[in-house]
Structures are given as C-alpha cells and as structure tokens.
Amino acid sequence: MCNCDTGEDDRRPCYPSSLTDEVWAVLEPLMPVRDRRKGGMARKYDDRLVLDGIFYVLRSGCQWRMIPRDLLPWDAAYRWFRDWSADGTIDRVHDALRDQVRRQAGRTADPSAAVLDAQSIKSSEGGQERGFDMGKKTTGRKRHLVVDTLGLLLVIMVTSASVQDRAERGGREILRRLAARFPSIALVWADGGYANSVVNGLLAWAKEKLGLVLEIVKRSDDVKGFQVLPRRWVVERTFGWLIRNRRLARDYERLTANSENMIKLAMIRLMATRLAGQSIRWSNATEREAARRLTAETNIAA
C-alpha cells in the first residue's frame, strides 16, 4: 500500500524509493526556504519530488537520464542535486539529522569518540582519483569514513584506491578533517592498516599534532573466518548500510565530491527514516538476509 501523499495528483507515481509522508515530515523543515522577495518564476517541481528523483537514482543505481519520465525530468533532479551540493544544503541537512538521532539516543550532539576505516570500491571508467589498490586488488576509489559510536557519519573523504591508509593523503588527512570539524573527539578506534609494529608513526603524529588518541583494534591471528571485532564492527555496519544502495555498490560518479554527497544522501535517508519511526524494507531476499545477519552481529557485539 502506498503511504505517500501525491497531493490529489493521480499522475504522480509512488516508487519504493519515494519518501513516505512521515519521512518527508522530518525532512521538510530542514529544506532551504526560497526568498520570494528576490523574484523569479514559481518552481515547477517541489523539493519532495526532486528528492524522490534523487533517491530513485541512489536506490536503483540507474543513470540520471534513466529517471522515469512520469517522476520528473532527469535534468531537473540533477540540477538540484548539483545546486544543493554546491550551496551546502546536503551538508546542513545531514548534520542536523545526525544531531537529532544522537539526541534521540540520549547522546550529546558533539561526539567524544569515533571509529575510522576505509573501503576500496570499484569505479566506472574515467573520472577523478582512480587508482589500483594492491592489497585488495581493486581498481577504483577508496572511501575513508569516520563514524561515531552509533555508526553515524562524521567525516567522509573519497580518494584514489591507491592511497594508503597511513599515507599523508589517507589517514592523516581524514584525521585533520575530523579534528577541525569535531574538536570534542579525543579517541579514535581504527584497524591494523593504520599502524603496526613496524610503522606506527600515525599514532604519535595524531597525539602530538591533533591531540587524538588513535587506538588500534587488532584481529586475532588464531581466529579464521568472520570475527566481530570490538568497536570496528560499527563502521563495518555503516559500510553495509551504504552499499545496499545500488548507486554506491560501485562508484559511478565522475567527481569525488559527487561520490561524497551520494554517501551523505544515503545517510540522510537512513536517519530520516529512523526519526520517522519507520524501518527500511529491503527489496529482495538477499538484502533481507543481510539485514538479519547485521542485526545478529550487533546483538553479539553488544
């Protein structure tokens, strides 16, 4: 049953990616308000319909030009995605929702601890920052994520897959951004890719230059196969949330800035759905099984 208000317009379709009334009620107060004193023509497509078009691309993984014509023209959806990326609207909405989710969970808006990790992902041909990750044998890009202890995104940086975690453009740059954006954070958990017994300069550098304690969570050499690691499972779960959106299963964007904003949009949808008191319905048996396993892992780690 469709849960969307189409404004008595039977021509407006409702796709599985469309916003429900409850989710839109969460997002609507955060959208920019147009100053009518500046003049200009009345908008033909409202914010909700534009978001439906953007989320259709994000969820289905299709090209912009393949947005259904009965939804809205693809160039209108892409134009607003580009404008909201440039003027900081996506950042403001994302940060406001994150603060609301943290307060709902009984936390303060400013986190004191975070989890750091990176994910190498295949990309389409061409575009910015494309390289080869020797460790993962992957040609594409690398997503550097810092999340809070709830798994909510704090800082995102997309680079070439060839960038090493301990390198200047890898771990150090993402930690600089974290310290500048969240001075309240004093402790960061990370995996062994950021330091080991031979190369551990990143730990000393973070402590001396940024005042951050970087704690390495190591995997036991005695355990084979899957293992839930303390703290690290939080950021791994966030990666799992992201790649359920087919647009993020690979990196199809030409620009790394667009890649970062697509990730923020995925988190916006997830957080707004959570604040609306709803749950995301997975579209096939594979995704439902993935959701069940992640829930089981969360209970084990807790």
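## Aspartate 251 and arginine 141

In this predicted model, aspartate 251 is buried, with a relative accessible area of 2%, and arginine 141 also counts as buried, at 1% relative accessibility. The side chains of aspartate 251 and arginine 141 meet in a salt bridge, with an N to O distance of 3.0 Å. Because aspartate 251 lies in the loop between helix H8 (246-249) and helix H9 (256-275), while arginine 141 belongs to strand S3 (residues 138-147), the pair ties together parts that are 110 residues apart in sequence.

## Strand S3 and its partners

The strand that carries arginine 141 is itself largely enclosed by the rest of the structure, since nine of the ten residues of S3 are buried. Strand S1 (residues 113-122) runs antiparallel to S3 and is joined to it by eight bridges, with alanine 118 standing opposite histidine 144 of S3. Strand S4 (residues 153-160) is likewise antiparallel to S3, in this case through seven bridges, and here valine 146 stands opposite valine 155 of S4.

Strand S2 (residues 131-133) pairs with S3 in the antiparallel sense over three bridges, and phenylalanine 132 has threonine 139 in S3 as its bridge partner. Two hairpins involve S3: S2 and S3 form one with four residues between them, where lysine 137 in the turn has a positive phi of about 55°, and S3 and S4 form another with five residues between them, where glycine 151 in the turn has a positive phi of about 90°.

## Helix H4 and its link to helix H5

A search of the whole structure finds twelve salt bridges, and one of these contacts involves arginine 181 and aspartate 95, whose closest N and O atoms are 3.1 Å apart. Arginine 181 lies in helix H5 (residues 168-181) and aspartate 95 in helix H4 (residues 89-104), so the salt bridge ties together parts that are 86 residues apart in sequence. Arginine 181 counts as partly exposed, at 40% relative accessibility, whereas aspartate 95 is among the buried residues of H4. Asp95 and Arg181 are also linked with Arg98 in a network of salt bridges.

The buried residues of H4 include Thr89, Ile90, Val93 and His94, as well as the charged residues Arg98 and Arg102. With 16 residues at 1.5 Å a residue, H4 should span 22 Å, and its end C-alpha atoms are 23 Å apart, which agrees. Just after H4, glycine 106 takes a positive phi of about 85°.

## A salt bridge within helix H5

Helix H5 also holds a salt bridge between the side chains of glutamate 173 and arginine 177, at 3.2 Å from N to O. Because glutamate 173 and arginine 177 are four residues apart in H5, they are separated by about one helical turn. Glutamate 173 counts as partly exposed, at 25% relative accessibility, and arginine 177 is likewise partly exposed, with a relative accessible area of 35%.

## Strands S5 and S6

Strand S5 (residues 187-190) pairs with S6 in the parallel sense over four bridges, and valine 188 stands opposite leucine 214 in S6. Strand S6 (residues 213-216) has two contrasting faces, a covered one made up of Leu214 and Ile216 and an uncovered one made up of Val213 and Glu215. Leucine 214, the residue opposite valine 188, therefore belongs to the covered face of S6.

Definitions and conventions
Residues are numbered from 1 along each chain as its sequence is written. This is a predicted model: local features need pLDDT of at least 70, side-chain atom pairs count only at pLDDT 80 or more; totals for chains, interfaces and linings use all residues. Side-chain values use heavy atoms; hydrogens and water are left out. A salt bridge is a side-chain nitrogen of Lys or Arg within 4 Å of a carboxyl oxygen of Asp or Glu. Buried means under 20% relative accessible area, exposed over 50%, partly exposed in between (1.4 Å probe, protein chains only). Two strands pair if DSSP finds at least two bridges between them. The expected span of a helix is 1.5 Å times one less than its number of residues.
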